[in-house]
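The following account leads the reader through a structure by way of its side chains. It begins with aromatic rings and then turns to charges, loops and cysteines.

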Amino acid sequence: MAPKPRPFVCSACGAAWPKWQGRCDACGAWDTIVEERPLSQTPGKSLGAVRGRTVPLLDLATEEAPPPRSETRVEELDRVLGGGLVPSSAILVGGDPGIGKSTLLLQAAAAFSRTGLKVVYVSGEEASAQVRMRAQRLGLGKADVRLAAETNLRDILTTLETAKPDLAIIDSIQTMWLDTVDSAPGSVAQVRAAAHELTTFAKTRGTSVILVGHVTKEGQIAGPRVVEHMVDTVLYFEGERGHQFRILRAVKNRFGPADEIGVFEMTGRGLAEVRNPSALFLDGRGGPTPGSVVFAGIEGSRPVLCELQALVAPSPHSQPRRSSVGWDSGRLAMILAVLEARCGLSFAGLDVYLNVAGGLKIGEPAADLAVAAALLSAREDQALPEGTVVFGEISLSGALRPVTQMENRLKEAAKLGFRSALAPAGGRISETSGLSVSQVSDLPAFVGEQFGAG
């Protein structure tokens, strides 16, 4: 009887296929399907299995209370984690190469050790001496952190079983390998098996585990997406090479709010937390300029003000360019279409460039009105009044829809010295915000009042 063919797995999404093919039908990626060998039948070392039991939901109050969260006293990091580190949790941190993931986690390891936690930092990419040199450069040479340079996961688990740390940092998950998996390190099978073993160790031994993951060219964590489902929290460390700002964003958190951000500044002594991101993103903005609009947004649970910059210029090409940095290009095309269909303002024959200053990435639809205001300001070469913030969602009919947390946005703007705001009608606004709020019902009315067009 012929042996069963080995399955083929997409390295981008983890979908399995009976034979090799050039394109993955599940995610549409090309040249990502590789042959995956099955897990070895050799039994591995037991991690202390016990007979399972069920607990009635109503009786959970009688169970032993879990230990409290461990705070690092680094407010930006604690905010993203949801208030601190939860015992027995598994956290995945991803980011571009050289963005500062290892620096952040080394500083976090030192901060956790200062609170009395026992921390082990395992590096699969650097030697222990290299990690120690980086710690001395950051002023952390005396931190009570145990270092290890190892890639064999069986040896790492044995070490952690003996040391019994409160926190283990694995840098990175793509360098780990199991001798029970017949596959190369970094492959889909190895990454999935290593993440499963480390997550199981965290749940059964009470040790919190932080995994560092590489990202693909598209900015997503490399490896099967099932790894993100295994862990409790997924954090992305974002930033532009040309800016000193770094943003730690929670895209998944079982123990706290998602989409929460922490802002850091890269300095010669490592990462320094930024207590007031709005003032940092607006630093050096200057006076009113055509194409420049301040947007009052919400990132996680706190308001953040940032500057949107637009440039509209005649295009020498038959097809004008539409470029967007920090904002969804598809939504930019939608706003241009609404301006033309509902307001009679055409951008044909004009190149359109949109940029979010400071390297921040905005995803909420509340920035629609600010983007439209920046585009019209650049097109008409007319700046908005000084000290004005803008926010609101635009529908395809041209109506302006209210957004969430309008009062928090206005209070943050008033705290930074802004005097007026342009917002959609229908939202609840208290008189204690301290700003002069102009509420508009639809986009044609906004265009007519501010620019006299449409």
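**Aromatic pairs and their surroundings**

The count of aromatic pairs in this structure comes to two. The model is a predicted one. A pair of aromatic rings is described by the distance of the centres and the angle of the planes. One of the pairs is formed by Phe245 and Phe281, which meet edge-to-face with 5.8 Å from centre to centre and 85° between the planes. Phe245 belongs to strand 10 (residues 245–253) and Phe281 to helix 7, so this pair ties together parts that are 36 residues apart in sequence. Both Phe245 and Phe281 are buried.

Phe446 and Phe451 form an aromatic pair that is likewise edge-to-face, with centres 6.4 Å apart and an angle of 75° between the planes. The relative accessible area of Phe446 is 0%, so this residue is buried. Phe451 has a relative accessible area of 9% and is therefore buried as well, because the limit for that class is under 20%.

Aromatic rings also take part in arrangements with charged groups. Arg379 places its charged end over the ring of Phe347, at 5.6 Å from the ring centre. In the case of Arg409, the charged end sits over the ring of Phe391, and the distance to the centre of that ring is 5.7 Å.

The path now moves to individual loop residues. Leu282 is located in the loop that runs between helix 7 (277–281) and strand 13 (292–299). With a relative accessible area of 14%, Leu282 is buried. Which residues does Leu282 touch, not counting those up to four places away in sequence? They are Val294, Leu305, Cys306, Glu307, Leu416 and Phe418. For one of these partners, Val294, a backbone distance is available: the C-alpha atoms of Leu282 and Val294 are separated by 8.3 Å, and the two residues are 12 residues apart along the chain.

Gln174 is another loop residue, placed between strand 7 (167–171) and helix 5 (188–205). Its relative accessible area is 11%, so Gln174 is buried. The side chain of Gln174 reaches the backbone nitrogen of His214 at 3.1 Å. His214 is also among the residues that Gln174 touches, together with Pro185, Gly186, Val191, Val212, Gly213 and Ala222, when residues up to four places away in sequence are not counted.

A further loop lies between strand 4 (90–95) and helix 2 (101–114), and Pro97 is found there. Gly98 is found in the loop between strand 4 and helix 2 as well. Are these residues buried or exposed? Pro97 has a relative accessibility of 59% and therefore counts as exposed, since that class begins over 50%. Gly98 is exposed too, with a relative accessible area of 67%. An unreviewed UniProt entry carries the annotation "binding site" for Gly95, Asp96, Pro97, Gly98, Ile99, Gly100, Lys101 and Ser102.

The cysteines remain to be considered. How many disulfides does a search of the whole structure find? The result is zero. Cys10 has 0% relative accessibility and so counts as buried. Cys27, by contrast, is partly exposed, with a relative accessible area of 38%.

Technical notes. Residues numbered from 1 in each chain as written. Predicted model: local features only at pLDDT ≥ 70, side-chain atom pairs only at ≥ 80, totals over all residues. Heavy atoms only, no water. Disulfide = S-S within 2.5 Å. Buried < 20%, exposed > 50% of the residue type's maximum accessible area, 1.4 Å probe, protein only. UniProt positions renumbered as here; feature names shortened; annotations may be inferred. Helix = DSSP H or I, 4+ residues; strand = E, 2+ residues; numbered from the N terminus. Contact = heavy atoms within 4.5 Å. Phe/Tyr/Trp six-rings, centres within 6.5 Å; stacked < 30°, edge-to-face > 60°. Lys NZ or Arg CZ within 6 Å of the ring centre and 35° of its normal. Polar contact = N/O pair within 3.5 Å; in protein donor to acceptor, adjacent residues only side chain to side chain.
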